[in-house]
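Trainee: I would like a close look at one part of this model. Please take the ligand site and then the framework around it.

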Amino acid sequence: MTSVPKLFIPGPVSVHPEIAKAMAKPMIGHRTPEFSELFRDVVSGVQEVLQTENHIYLSTSSATGLMEAAVRNTVKKRALNLVCGAFSLRWHHITDACGFDSDAVGVDWGKALKPENVKMALDEADYDVVTIVHNETSTGVMNPLGEIVKTIRENSDALILVDTVSSMSGVNIPVDDWGIDIALASVQKAWGLPPGFAVMSISDRAIERSKDQPNKGYYFDFEVFEKYYAREQTPSTPSIPHMYALKRQAERIREEGLLNRFERHKTMAKMTRNWAENRGFELFSEAPYHSDTLTCINNNLEIDVADLSKKLLEKSYRISNGYGPLKGKAFRIAHMADTQPEDLQELLNTIDEILG
Ligand code: PLP
């Protein structure tokens, strides 16, 4: 391998030089006025992207840390884990590992969760929390989140915890309009930063719920987050380079225009789907619930996915094999963050050259 490959995997993604440059800025103390200014800028940047007035927590962890935090701070008696692939199933594993009762209710891999699935599940038992993934990275399905949240709101008082890990900032998620209690993401996906940091929006009712929760631990106790939020600080020393980068990325999103950014992701998704279907491949995700940030392509033509990946790597591109049981049976092309349609076209042309 002669150079660092361009990443078309669903995270980490290639980092734009301006983001890398922002991360290298001189260090500041995390209990200083200059830090609070940075904190404000980062919080307002995330609030703009999510169109929310909710508080934004900044976590020096990956998204899984915040998923565990969300569960520990909100589940009282029983959670409903809506499952449509590996990452939505992770919510169930976390709920179970934290010692709470929960039911995993779902659809087959490749299918999307629909409001009717959710309504049926809610009719079966009383839940104080519902978890869901917006964009299921293992299958390329983007669930109809707005409709699902509406159905939950109409049928239950459960808090709604949403993994928006591979969609936040690439797809429109109007948190306040829809009424999402917790929307969380790590930054190495559509945000386009290096891994090691995660962000989350939290509603007032989720903050309230956290106050009565026993056994939350300390690092991820939302009451502690709230205390420091009021001071425009984080509870412990955060990754300040990531905060510089998030601030810069929020500015870059403003420069591009939030809606233009969402449109760019849609355009790249369409390009990838058209390319796949024109070559005779099928999409693994059920229509019309295809993701805007990554495409999971069914290997119905039975190509050698490992060999394709190897040959692409020789040309300095990296794509993803199918996730877990889908290895060899599907492959995934991510098109998110700072990837431009021209970069994607280059990759698709290169795949064409290799496949012949
Ligand atoms: N949820 C989804 C949808 C993901 O795609 C991933 C990682 O790929 C995760 C959760 C886990 O994120 P992290 O590795 O940042 O903890």
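Mentor: What follows goes from the ligand outward to the sheets, the helices and a few backbone details. Keep in mind that the model is predicted.

Start with the shell. There are 13 residues around the ligand. Those that come nearest are Ser 62, Thr 64, Thr 137, Asp 163 and Lys 189. By class, the shell splits into four nonpolar, six polar and three charged residues. Two helices deserve a look here. α3, residues 63-74, supplies at least two residues of the shell, and α4, residues 86-97, also supplies at least two.

Now the polar contacts. Ser 62 places a polar side-chain atom 2.6 Å from an oxygen atom of the ligand. Gln 188 does likewise, with a polar side-chain atom 3.0 Å from a ligand oxygen. Asp 163 faces another element: one of its polar side-chain atoms lies 2.5 Å from a nitrogen atom of the ligand. How much of the ligand does the protein bury? Taken alone, the ligand exposes 390 Å², and the protein buries 88% of that.

Next, the seven-stranded sheet. This sheet is open, and its strands run in the order β2-β10-β9-β8-β5-β3-β4. The pairing is mixed. Its edges are β2, residues 55-59, and β4, residues 101-106; each of these pairs on one side only. On average, neighbouring strands of this sheet are turned by 20° against each other, direction ignored.

Look inside that sheet. β3 covers residues 78-83 and β5 covers residues 129-133. These two strands pair in the parallel sense over three bridges. One bridge to inspect: Ala 79 has Val 129 of β5 as its partner.

Two helices pack on this sheet. Helix α2, residues 33-50, touches β2 and β10 (198-202). The direction of α2 makes about 115° with that of β2. α4 returns here. This helix touches β3, β4, β5, β8 (159-163) and β9 (182-186). Its direction makes about 160° with that of β3. Thus α4 appears twice in this account: it supplies residues of the ligand shell, and it packs on the sheet.

Now the other sheet. Four strands form an open sheet, in the order β11-β12-β15-β14, with antiparallel pairing. The edge strands are β11 (282-283) and β14 (320-321), each pairing on one side only. Within this sheet, β12, residues 294-298, pairs with β15, residues 330-334, in the antiparallel sense over five bridges. Cys 296 stands opposite Arg 332 of β15. Helix α11, residues 258-278, lies across β11, β12 and β15. It runs at about 10° to β12.

Finish with the backbone. Most peptide bonds are trans, and most residues other than glycine have a negative phi. Three places are worth checking against that background. A cis peptide bond joins Gly 11 and Pro 12, with omega about -5°. Pro 12 sits in the loop between β1 (6-7) and α1 (17-23). The bond from Ala 287 to Pro 288 is cis too, with omega near 0°. Pro 288 belongs to the loop between β11 and β12. Last is Ser 169. Its phi is positive, about 85°, although this residue is not a glycine. Ser 169 lies in the loop between β8 and α7 (175-178).

Definitions and conventions. Residues numbered from 1 in each chain as written. Predicted model: local features only at pLDDT ≥ 70, side-chain atom pairs only at ≥ 80, totals over all residues. Heavy atoms only, no water. Near = heavy atom within 4 Å. Polar contact = N/O pair within 3.5 Å; in protein donor to acceptor, adjacent residues only side chain to side chain. Areas by Shrake-Rupley, 256 points an atom, 1.4 Å probe, with all protein chains shown as cover. Nonpolar A, V, L, I, M, F, W, Y, C, P; charged D, E, K, R; others polar. Pairing = 2+ DSSP bridges. Axes fitted to C-alpha atoms, helices over the stretch in contact; angles between N-to-C directions. Contact = heavy atoms within 4.5 Å.
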